[in-house]
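Student: I'm new to this structure and would like a close look at one part of it. Could you walk me slowly through a place where two helices meet, and then show me what else is worth a look?

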Amino acid sequence: MRVTDRSVLDEIVARLPAGWRRQPRPLVDHLVSFVVGGDAGAVRRFHLLYADARRLVRTTERHEALAVLENHLTQAVAEMAPRRLFVHAGVVGWNGQAILVPGASHAGKSTLVAALLAAGATYYSDEFAVLDPQGRVHPFPRPIRLRDAREIATSLEPEQLGGRRGLGPLPVGLVAVARYDEGARWRPARLTAGRAVLELLSNTIVARSHPAAAMATLGRVVSRAASFKGRRGEAREAAAWLLEAVG
Amino acid sequence: MSRPVKNRTGPRQRRDGLVVQELPEETLVYDLERHKAHCLEVVAAAVWEACDGERTVGEIAARATKRIGRRVPDDAAWLALRRLGRARLLEAPVAAPVAGRFTSRRDWLKKAALFGGLSVLSITAPTAAQAATCVAQTACQALQNRFCTGAPCCTTGPNPAPPGTSCKKVGNQNNCSCAP
């Protein structure tokens, strides 16, 4: 990460993915460059953001450039992590096991994660299940983003929802594909291991670029986890069922 | 003494460009050319494994029977072959018997349900961008310009945005838009 103006560094550091560290080596895998714009006398310069040689954004709004940067860094980590598989999913811990809720954006993952925290589960992520080659899930700590009826997102810390943060890796005890459908009753059907892998693969960032490694890791996840799929209405109802199912 | 040479052309399993992973009850196959992932249930997997290009359908059914430990009738092998061909997991699709074992699609489905274990479930693997968090077009358009997220816009849902767009400031509008 390089910048043309040190004054923006604090704002960038606040947006770096958890676990970042300073890298002294001059050679890097991926270079992100932020050309800081802003007012310079009568001239208003653009903020420019590049990923290697590709321009990500050109804007006069610093906030927008930083938002694009944060999204890009999260995505880049998910794509480039050498020993971790990133699956789009909400994750909580319960009794020493993890509950994985894979799903695309707007499937209701964060709402279900919030309901699970309110019921006493520990928080791992509302965005990514970070899996190691043994199939264990690691925390991806970031605030929970809940959307209101107008789809405007609010960030909340897990403690504000009555939950605690999970720290170490956990084996996955349950995979639940739970799509929100207003008014639906949560009556999930059991998934076979193969079908569960397909559900997880369809939410895996590197499904196309590293399919063999992805399938191997996901195969380990489902070999010991029970998997279910269904439509859910009220998040509290589904959350109570999931916690009971994982035991 | 030379072995007799078989000169038959039966269904042949495709091998190139595939990643295969065995699970206890199923087989997963990833097609590197089409970026499709398939889940083969137990009978379909056994039939696929038996397709060496030399066996007849009857021989394939017999081998599948031996492998899974329960009888696989010829009709079931035909159904599995049809599905494997449609999933492009055979070198060439298999033509149904001329005499017509199955008269209609309904007939095919009824037989398949009866046999069980014949399913070949397929998905298209997402690109990295498709698997990323997206912003609903409605949500993006509700944001003031200085709050544009830059995240990709959702291409599914009630108000889908065009593929390849992201939530950003466009021109002199007051709010963000989903644009390339």
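Tutor: Happily! In this predicted model, Val43(B), Ala44(B), Val47(B) and Trp48(B) of helix α1(B) touch a set of residues in α3(B), namely Ala76(B), Ala77(B), Ala80(B), Leu81(B), Arg83(B) and Leu84(B). By character, the residues of this contact are 9 nonpolar and 1 charged, with no polar ones. Now for the geometry. Two packed helices are described by the distance between their axes and the angle between them. Here α1(B) covers residues 42-50 and α3(B) residues 74-86, and their axes come within 9 Å, crossing at roughly 80°. Angles of 65 to 115 degrees count as roughly perpendicular, so that is how α1(B) lies to α3(B).

Let's move to chain A and strand β10(A), residues 128-131. In a regular strand the side chains alternate between the two faces of the sheet. On one side of β10(A) sit Phe128(A) and Val130(A), on the other Ala129(A) and Leu131(A), and all are buried, leaving both faces covered. Strand β7(A), residues 85-94, runs antiparallel to β10(A) and is joined to it by 4 bridges. β10(A) also runs antiparallel to β11(A), residues 136-138, through 2 bridges. Val130(A) takes part in both pairings: Phe86(A) is its bridge partner, and His138(A) in β11(A) stands opposite it. β10(A) and β11(A) make a hairpin with 4 residues between them, and Gly135(A) in the turn has a positive phi of about 90°.

Note on methods. Residues are numbered from 1 along each chain as its sequence is written. Chains are lettered from A and ligands numbered from 1 in the order in which they are written. This is a predicted model: local features need pLDDT of at least 70, side-chain atom pairs count only at pLDDT 80 or more; totals for chains, interfaces and linings use all residues. Axes are lines fitted to C-alpha atoms, for helices over the stretch in contact, and angles run from 0 to 180 degrees between N-to-C directions. Angles under 35 degrees count as roughly parallel, over 145 as roughly antiparallel, 65 to 115 as roughly perpendicular and the rest as oblique. Two residues are in contact if their C-beta atoms, placed from the backbone, lie within 7 Å. Ala, Val, Leu, Ile, Met, Phe, Trp, Tyr, Cys and Pro count as nonpolar, Asp, Glu, Lys and Arg as charged, and the others, Gly among them, as polar. A residue is buried if 20 or more other C-beta atoms lie within 10 Å of its own, exposed if 12 or fewer, and partly exposed in between; C-beta atoms are placed from the backbone. Two strands pair if DSSP finds at least two bridges between them.
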